[in-house]
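Visitor: I would like to learn how to read a model such as this one, feature by feature. Could you take me through it?

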Amino acid sequence: MPQNLSSSITSDRVISEHPPQFAYLHKVLAIAGKDIAAELRTKEMMSAMFVFSLLVIFIFNFAFDLRTDNANTLAPGVLWVAIAFAGMLGLGRSFITERDRGSLEGLLLAPVDRSAIYFGKFLGNVLFISVVEVVILPLFIVFFNQPLGIIVPLVGVIVLGTIGFAGVGTLFSAMVIHTRARDVLLPIMLFPVVVPVLLSAVRLTAGILDNLPFEDVQNWLGLLVAFDLIFLAVSYMMFEYVVEE
Amino acid sequence: MIKVRNLVKAFGTRVVLRNISFDIEPGEFITLLGVNGAGKTTLMSIVATLSKPTAGKIFIGDMDTQQHAAYIRRYIGLVSHKTLLYDDLSGEQNLRFYARMYDVEHPVERIETVLRQVGLWGRQKDPVRTYSRGMQQRLAIARAILHNPPILLLDEPDTGLDQGAASMLGELLAAVGTAQRTVLMTTHNLERGLSLGNRVLMLSDGKIAVDMPREDVSIEALAHYYQQ
């Protein structure tokens with residue numbers, strides 16, 4: 001404890017003098033858990049994400065004349081449109097809600113490196129988007145007549161794409177909270193930056209659906225993994241400066 | 001001890017705090033007064049490590065708040081006009097979350113203790129959005145003292161409360177806030193501020209205009225600054 005503070009307080013110590021082991025991880029999980037608990041009570045965000053993504057799948061399914069030879073051409077784009085725009089609905093609430101409800105300062109007051117707030121929010125966003133993906137993936141497979149054998153590699157691509165999208169989106173969600181047109185600004189800022197993620201994810205999805213050899217798509221995989229790593233590192237370094245007033 | 005040295009805060013070209021310096025001794029209860037826009041909340045925000053000064057330093061004990069911000073926050077509790085609570089969660093869920101964030105030992109027992117202190121035991125399972133404004137502020141106090149901080153920052157905690165609720169809050173703050181803590185409180189209620197504090201600081205145009213013990217200050221003299 002800093003010196004020269006009231007010594008009588010120490011007799012009623014309720015926090016450990018030194019942070020416990022894995023304290024950083026505990027706080028990341030606490031922040032994610034708090035967001036999940038709040039969402040379970042209201043279901044506001046997940047409802048909107050589900051409805052939107054299902055609408056996209058259904059509309060694209062019926063809007064195009066999806067003969068078998070057309071399906072694989074359109075399917076990757078349809079899947080990632082559904083994921084990206086549903087994800088945008090969730091990312092918009094990530095920090096904007098905290099700011100609007102006045103709870104962001106409570107997070108910033110916590111005795112933890114600011115990056116823990118980022119990773120806690122990031123983890124929550126990944127989970128929310130993943131829940132939507134768990135629902136739309138079976139529908140995607142059914143509506144676009146895809147074999148079940150694509151599930152495992154496709155899930156891998158979806159995981160990597162979601163990490164990249166949520167990683168950038170969480171940072172940008174924090175960046176726009178101090179602006180007026182933040183609901184409009186977030187997608188305007190986010191989509192140009194995540195083009196490499198979406199492009200790679202669409203190309204990899206197309207490669208899986210077309211059963212291409214790994215050598216034909218490995219460059220896109222490399223791009224996606226590199227983007228994920230770079231932007232998670234950049235977000236870790238930048239977040240503290242982004243949330244400061 | 002809290003030492004504020006040559007503190008300056010500017011937002012662009014607008015200077016809000018102009019070279020402020022003062023000390024707070026352990027156990028002091030400082031009432032920080034000033035008109036809207038004087039810089040009170042900005043000063044609180046910097047002391048709480050929520051924002052960084054443009055120039056100058058703050059030391060808590062012998063630790064620079066800018067270099068040891070995350071560590072120092074363990075010893076600070078903040079009650080502001082915003083409750084910093086999650087409306088969709090229950091009172092207990094809110095406190096459990098903050099107990100994890102502050103590494104509170106024996107959180108279950110500690111949460112019950114603070115909820116009983118603020119008179120909310122029995123409503124802990126209800127969502128915060130069902131609480132009245134006064135109850136929400138009491139829960140905010142519980143959140144702020146959950147980790148038993150030696151420093152308590154109170155930024156206009158009675159905002160939005162009716163007279164009865166504000167009086168109750170004042171009594172609660174006197175009971176939990178002043179006991180063995182160093183307190184810095186801002187308020188527009190001169191009477192309540194002077195009744196709780198033992199020292200008065202007044203900010204005017206970003207500078208300290210008044211710094212004296214409570215017994216040397218009169219409401220009439222302070223009211224003069226608000227009328228200028």
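Visitor: What should the 20 residues of helix α1 (residues 23–42) of chain A span, at 1.5 Å a residue?

Guide: Helices (H or I, at least four residues) and strands (E, at least two) are DSSP runs, numbered from the N terminus, and the expected span of a helix is 1.5 Å times one less than its number of residues. For α1 of chain A that gives 28 Å, and the end C-alpha atoms are 29 Å apart, which agrees. This is a predicted model, in which local features need pLDDT of at least 70 and side-chain atom pairs count only at pLDDT 80 or more, whereas totals for chains, interfaces and linings use all residues. Residues are numbered from 1 along each chain as its sequence is written, while chains are lettered from A and ligands numbered from 1 in the order in which they are written.

Visitor: Which residues in α1(A) are buried, and what covers them?

Guide: An α-helix has 3.6 residues a turn, so residues three or four places apart point the same way. A residue is buried if 20 or more other C-beta atoms lie within 10 Å of its own, exposed if 12 or fewer, and partly exposed in between, with C-beta atoms placed from the backbone. The buried residues in α1(A) include A:Lys27, A:Ile31, A:Lys34, A:Asp35 and A:Ala38, and their cover includes α2 (44–63) and α5 (114–143) of chain A together with α3 of chain B. After α1(A) comes A:Lys43, with a positive phi near 55°.

Visitor: How many strands has the open sheet of chain B, and in what order?

Guide: Two strands pair if DSSP finds at least two bridges between them. The sheet has 6 strands in the order β6-β7-β8-β3-β9-β10, with mixed pairing. In chain B, β6 (76–80) and β10 (207–213) stand at the edges with a single partner strand each, so one side of each is left without a neighbour in the sheet. Strand β9 (residues 199–204) of chain B pairs with β10(B) in the antiparallel sense over 6 bridges, and B:Leu203 has B:Ile208 as its bridge partner in β10(B).

Visitor: Where is confidence lowest and where is it highest in chain B?

Guide: The predictor's confidence in each residue is its pLDDT, from 0 to 100. Chain B averages 89, and 96% of the residues score at least 70. Confidence there is lowest in helix α8 (residues 219–227), at a mean of 68, and highest in helix α3 (residues 91–101), at 96. For the complex, the predictor gives an ipTM of 0.88 and a pTM of 0.89.

Key
Two residues are in contact if their C-beta atoms, placed from the backbone, lie within 7 Å.
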